[in-house]
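Thanks for making room for this on the agenda. I would like to walk you through one structure, taking its sheets, then a pair of helices, and then its pocket.

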Amino acid sequence: MFDVTIIGAGPAGISSALYAKRAGLKVLVLYYGESQLEKAHKIDNYYGFADGITGKDLYAAGISQARNLEIEVKEEEVVDIQPSTEKSFCITTSSAEYETTSIIIATGNKKLKPKINGLEEFESKGISYCAVCDGFFYRKKDVAVIGSKRYAFTEALHLAPIASSVTILTDGESADELEALKSESGALGEKITIDTRKIASITGAEKVEGVSFEQGDGIKANGIFIAVGEAGGADFARKLGLEMEKESIKTNEKMETNAKGIFAAGNVSGGLLQVCKAVYEGGVAGLSAVSYVRSVK
């Protein structure tokens with residue numbers, strides 16, 4: 001059981017971990033995939049680096065600093081977060097489950113919306129970004145999930161016992177990972193179909209009715225769930241019912257969300273998308289998590 005689990009190992013995530021650990025909490029940091037910071041060729045507007053520093057080096061230095069403080073830092077993809085009790089959460093990753101009293105979301109703002117004709121037109125008309133939130137509305141109906149990674153399969157698994165049929169559409173991407181996951185998933189996996197054809201458009205009149213492929217044919221679908229790449233902060237926010245401002249998680253000055261025990265910091269909270277802001281918010285979130293954990297124990 002961890003006191004605080006931080007999702008994301010960038011400036012906001014590591015800063016929050018350092019403050020929480022130094023306050024005596026049991027801290028876990030989970031991260032996966034390439035950070036936006038790592039893509040920065042050079043950062044020369046951050047305090048303390050006279051000659052600048054690459055984003056990749058700054059990112060690696062932060063993780064090393066956390067590990068030197070004996071913070072558990074694990075490279076695992078988070079695929080689901082659910083309340084466990086009134087005072088704890090269960091975080092499911094690609095390889096394990098973790099119980100935690102509090103959560104800090106510091107994933108950055110991953111905007112992974114596929115460029116598919118009809119997607120924006122049918123948003124709120126059969127397009128969803130959260131199977132947990134909206135799966136209920138598609139009982140005994142045909143649905144599709146767009147994505148090619150573990151996150152897409154997790155969404156499909158949630159829909160499998162609810163919908164009449166579930167098809168994962170990889171939009172031309174390889175299905176090797178999905179096929180392996182399907183073979184490991186028993187009866188529920190058998191209910192999921194995987195289609196690798198390239199999508200031409202989402203079709204329908206007033207609501208989503210299906211998907212057409214570049215080859216000219218298509219499939220029927222009453223609902224389409226978007227799960228491209230790995231889950232990001234906005235995806236977790238939707239699952240947990242957090243208040244949003246467009247694609248950013250809404251927080252107060254203590255980096256608290258509207259859900260007790262859940263905090264957000266860095267790019268995922270919007271505003272100035274800079275390292276200095278992420279470090280500050282991470283520190284605030286870490287200290288706020290400390291106060292919260294102490295208040296419920």
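Before I name any bridge partners, a word on terms: two strands are said to pair here if DSSP finds at least two bridges between them. Please also keep in mind throughout that what you see is a predicted model.

With that in place, let me start with the parallel sheet, in which 5 strands form an open arrangement in the order β7-β14-β8-β9-β10. The edges are taken by β7, residues 127-128, and β10, residues 192-195, and because each has a single partner strand, one side of each is left without a neighbour in the sheet. If you follow β10 to its partner, you come to β9, residues 165-169, and these two strands pair in the parallel sense over 4 bridges. One residue pair to look for there is Ile168, whose bridge partner in β10 is Ile194. Lying across β9 and β10 is helix α5, residues 176-183, which runs at about 165° to β10.

The other sheet I want to show is antiparallel, and it is an open sheet of 3 strands in the order β11-β12-β13. Its edge strands are β11, at 199-204, and β13, at 218-220, each of which pairs on one side only. Neighbouring strands in this sheet are turned by 20° against each other on average, if direction is ignored. Strand β12, residues 208-213, is joined to β13 by 3 bridges, and within β13 it is Ile219 that serves as the bridge partner of Val211.

Now to the helices. How do α1 and α8 cross, and at what angle? Their axes come within 7 Å and cross at roughly 35°, and the crossing is right-handed. On the α1 side the residues that meet α8 are Pro11, Ala12, Ser15, Ser16, Tyr19 and Ala20, while α8 contributes a list that includes Val275, Ala278, Gly282, Gly283, Gly286 and Val290. Sorted by type, the residues of this contact divide into 9 nonpolar, 5 polar and no charged.

Staying with α8 for a moment, Val296 has its place in this helix. Its C-alpha atom is separated by 8.7 Å from that of Thr101, although the two residues are 195 residues apart along the chain. If we leave aside neighbours within four places in sequence, Val296 is in contact with Lys87 and Thr101.

That brings me to the largest pocket, which has a volume of about 1,000 Å³. Its lining is made up of 44 residues, and those that lie nearest its centre are Ser35, Gln36, Leu37, Thr107 and Gly108. The helices we have just discussed return here, as α1 (11-22) and α8 (275-296), along with strand β2 (27-31), each supply at least two residues of the lining. Which element gives the largest share? That is α8, with 3 residues. As for the character of the lining, its residues divide into 22 nonpolar, 15 polar and 7 charged.

That is where I will stop, and I am happy to take questions.

Methods: Residues are numbered from 1 along each chain as its sequence is written. This is a predicted model: local features need pLDDT of at least 70, side-chain atom pairs count only at pLDDT 80 or more; totals for chains, interfaces and linings use all residues. Side-chain values use heavy atoms; hydrogens and water are left out. Axes are lines fitted to C-alpha atoms, for helices over the stretch in contact, and angles run from 0 to 180 degrees between N-to-C directions. On a 1 Å grid over the protein atoms alone, a cavity is a set of points where a 1.4 Å probe fits but cannot get out, and a pocket is an open set with protein on both sides within 12 Å along at least five of seven lines; lining residues have an atom within 4 Å of a point. Grid points are joined across faces, edges and corners, and a volume is the space filled by probe spheres set on the points. Ala, Val, Leu, Ile, Met, Phe, Trp, Tyr, Cys and Pro count as nonpolar, Asp, Glu, Lys and Arg as charged, and the others, Gly among them, as polar. A crossing is left-handed if the near helix is turned anticlockwise from the far one by less than a right angle, and right-handed if clockwise. Contact means heavy atoms within 4.5 Å.
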